[in-house]
Amino acid sequence: MSVTWSQPKLRELCKKHGIYITAWGPLGTYGEIWGSNLIMENPTLEYIASIRGKTVAQVALRWLYEQKVTMIAKSFNKERMKENLQIFDWKLTKEEAKLIAKIPQQRRYQGNEFVSPSGPYKTVDELWDGEI
Ligand SMILES: NC(=O)c1ccc[n+]([C@@H]2O[C@H](COP(=O)([O-])OP(=O)(O)OC[C@H]3O[C@@H](n4cnc5c(N)ncnc54)[C@H](OP(=O)(O)O)[C@@H]3O)[C@@H](O)[C@H]2O)c1
């Protein structure tokens with residue numbers, strides 16, 4: 001789960017059944033060849049970060065915190081580790097939350113290799129139960 005894959009349907013189901021959510025790769029696994037720049041180079045997050053004097057990573061992590069999910073952000077850099085922890089003494093405004101809600105959503109891993117005309121999942125929609 002992340003700002004670019006917020007999964008409201010799944011989150012609602014988890015809430016109903018008392019399942020706690022953890023966001024793996026909350027910064028989009030930025031900088032890795034298997035990762036994505038969709039979060040860390042997102043214009044909406046860059047805008048909010050600039051007007052609030054925060055970093056894009058902090059805005060993305062704060063949003064997750066406000067969704068009441070845990071998150072596992074990884075950094076090998078001491079300064080970035082500290083930066084990623086500076087999310088507890090400020091809040092996103094309602095306007096900023098509304099802007100974030102408009103960020104286009106995209107599942108990073110589509111699972112195309114599990115889809116086949118002769119297999120149990122004939123389309124990506126079937127594989128993911130509609131939420132893709
Ligand atoms: N993504 C998954 O599907 C998945 C699956 C299983 C386990 N995990 C585990 O979940 C943890 C986090 O996932 P992840 O590493 O995939 O992704 P992530 O936390 O979304 O992104 C980590 C990347 O972002 C960079 N980064 C971290 N903080 C930053 C900041 N403030 N500014 C700029 N860049 C920053 C890191 O670089 P630097 O290190 O150079 O700061 C690293 O390249 C890892 O321990 C991983 O093993 C993830």
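Which residue has a polar backbone atom 2.8 Å from an oxygen atom of the ligand? In this structure, which is a predicted model, that residue is K74. I should like to begin with the ligand and its polar neighbours, and then turn to the pockets.

K74 is accompanied by two further residues of interest. A backbone N or O atom of Y30 lies 2.6 Å from an oxygen atom of the ligand. In the case of R80, the side chain is involved: one of its polar atoms is 2.6 Å from a ligand oxygen. As for coverage, the ligand taken alone exposes 880 Å², and the protein buries 69% of that area.

Let me now describe the shell around the ligand. It consists of 19 residues, and those that come nearest are L27, T29, Y30, S75 and R80. Y30 and R80 have thus appeared twice: among the nearest residues, and in the contacts I described, Y30 through its backbone and R80 through its side chain. By class, the shell divides into 9 nonpolar, 6 polar and 4 charged residues. Its largest share, 3 residues, comes from helix 4, which spans residues 78–85.

Where does the ligand sit with respect to the pockets? The space that the ligand takes is the largest pocket. The volume of this pocket is about 480 Å³. It is lined by 21 residues, and the closest to its centre are L27, T29, Y30, K74 and S75. Two elements each give two or more residues to this lining, namely helix 3, residues 56–66, and helix 4. Helix 4 gives the most, with 3 residues. The composition of the lining is 10 nonpolar, 7 polar and 4 charged residues.

I turn next to the second largest pocket, for which the volume is about 280 Å³. Of the 19 residues in its lining, M1, W5, Q7, W24 and R108 are the closest to the centre. The elements that supply two or more residues here are helix 1, residues 8–16, and strand 1, residues 22–24. By class, this lining holds 8 nonpolar, 8 polar and 3 charged residues.

To summarise, the ligand takes up the space of the largest pocket. Its oxygen atoms have polar partners in the backbone of Y30, the backbone of K74 and the side chain of R80. Helix 4 provides the largest share of the ligand shell, and it also gives the most to the lining of the largest pocket. Thank you for your attention.

How values were computed
Residues numbered from 1 in each chain as written. Predicted model: local features only at pLDDT ≥ 70, side-chain atom pairs only at ≥ 80, totals over all residues. Heavy atoms only, no water. Near = heavy atom within 4 Å. Polar contact = N/O pair within 3.5 Å; in protein donor to acceptor, adjacent residues only side chain to side chain. Areas by Shrake-Rupley, 256 points an atom, 1.4 Å probe, with all protein chains shown as cover. 1 Å grid on protein atoms, 1.4 Å probe; cavity = no way out; pocket = protein on both sides within 12 Å on 5 of 7 lines; lining within 4 Å. Sits in = over half its atoms within 2 Å of the grid points. Helix = DSSP H or I, 4+ residues; strand = E, 2+ residues; numbered from the N terminus. Nonpolar A, V, L, I, M, F, W, Y, C, P; charged D, E, K, R; others polar. Points joined across faces, edges and corners; volume = space filled by probe spheres on them.
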